[in-house]
Amino acid sequence: MSISSEVTKEWREYERTNTTVFNAYVKPVTSKYLDSLKGRMKEKGLKIEPYAMQSNGGSATFEMVKVNPINIIESGPVGGVIGANELGKIIGEKNIITFDIGGTTAKTSLVYDNEVRITTDYRLEQTPIYPGYPIKAPIVDIIEIGAGGGSIAWIDSVGNLKVGPQSAGADPGPACYGKGNMEPTLTDANMIAGRIDPERFLGGKFRIDIRKSYEAVKKIADYYKISVEEAARGIIRIANNNMMNALKLVSVRRGYDPREFVMVAMGGNGAIHGPALGKELKVKKIVIPRYPAVFSAWGMLMTDLRQDFIQTKIIRADEGNISFMNEIYEDMVSKAYELYTNHGVKQEDVYIVKSADIRYVGQEHTVRTPVVPFISGSKDLEIIRENFENLHEQYYAFRLPNAPIEFVNFHVTAFGSVKKAEIKPYEVKGKPDDALRCKKVVDYDEYGKIEVAVYLREKLGTGSEIKGPAIIEEETTVTVLYPEQRLFVDDYGNLVIEGV
């Protein structure tokens, strides 16, 4: 059974109903899957309680997840955002734009002052022409578009070239996989442009037939009466434009200046397209973490337990309502402690963060605002109001100093501390000359075709510097360094690109 008052206590009847129906739909299969997985892990010797990643950026025990499995929707991409935030703390960067490109989608999120943005206005399967299904569950605010390595290039009814959202997926995959797909994809275009070496795809463990890429992209070339190389360049350019729109949605269009942010590029294709997009967006620098293709998995290991409690109650933010507001928060905090205690987590390992969705009286939309630990008087209300108005002005470019404000949704986020690995600097020896593998010609779009040096990432030592243009290869991805960019390897093994 799924009961809406147990799934979410936030208002909006249709959204609550939809969320409850989805929760009920996935509950049996999720419970069966988690029980089976846990049983097999115990058989193999696992002696501790396994955790599952949640869409709110925290983890939970399997038993917690089985109650409301809707809370693990989009949990995979969320791991990358949490990982990028933790990486930012390690390297001293508070403002981060995450950029995760896999085989089917490109996902981006914004972290400001090391705070991951959470939303409860998520829509599953939303497209420009379909509203999708609303989900009222706490989810890390991620913009996602259908642009990945397997995205198919096609020509619409009026002759415009499009890339995605249709995807060849992993099976059959791009045409060059030789598994039956004959439609051109973004990976095929990158193969033709020379950015990916077909002989070293997945470290040479996967056979690539680049002739299939040429055959597939030739369909596009023939339609426009251009060369296959020009068609491949057009596919890459359009895919980059689609991705740039997503990056601007989470930054510029929300009042943030990308020049104050670092881009963390991850996923199998993040390092291929990230340097070009970071250059256009004018971010401070671009960071390619170690093992970027599986960076989301590393991010999951850096999470604490997390449970979100949300209660809708519209209350004016004035002194007469202070005790009422504190009662609501205290009740939610009490339920948080009770939940964790029932699942074997000690109360001293739980820490609480309070916030609220606040608006000017008469408005429809709200702004998520930090709230002091305990509202004791008018001074605390002034702090809350100042926090709200600063955020409101950032999002909407105005504030109303004399207008009354009201709380709409009360939020309590309860974290359970989890022991995590300590990340320390380490030194790897090796000079760029030692890492040089060969030279080859690469198509750099507006820069034309350039002969560049190709380096092996595993042989680049700490402090190594490379001036663009250049290609840095590793087993599961390629970093495309553009002219005028400079790359160096930091103390944690990250590739840091400057001059963007």
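How much area does the protein chain expose, and what part of it do carbon and sulfur atoms supply? I found about 23600 Å² exposed, with 51% of it supplied by carbon and sulfur atoms, the accessible areas coming from the Shrake-Rupley method with a 1.4 Å probe and, for residues, with only the protein chains shown counting as cover.

I note that this is a predicted model, in which local features need pLDDT of at least 70 and side-chain atom pairs count only at pLDDT 80 or more, while totals for chains, interfaces and linings use all residues. Residues are numbered from 1 along each chain as its sequence is written, and side-chain values use heavy atoms, with hydrogens and water left out.

I then turned to burial (buried means under 20% relative accessible area, exposed over 50%, partly exposed in between, with a 1.4 Å probe and protein chains only), and buried residues make up 51% of the 500 residues in the protein chain.

Next I looked up the largest nonpolar core (a set of buried Ala, Val, Leu, Ile, Met, Phe, Trp, Tyr and Cys residues joined through side-chain atoms within 4.5 Å), which has 50 residues, with I235, M243, I466 and I472 making the most contacts inside it. Helix α7, residues 228-250, gives the most to this core, with 11 residues, where helices are DSSP runs of H or I of at least four residues, numbered from the N terminus. Another core, of 36 residues, lies apart from it and has F309 and V412 among its members.

Last I checked N18, which sits in helix α2, residues 13-43, and counts as buried because its relative accessibility is 11%. Not counting residues up to four places away in sequence, N18 touches Y133, P134 and I135, a contact meaning heavy atoms within 4.5 Å.

Definitions and conventions
Helices (H or I, at least four residues) and strands (E, at least two) are DSSP runs, numbered from the N terminus.
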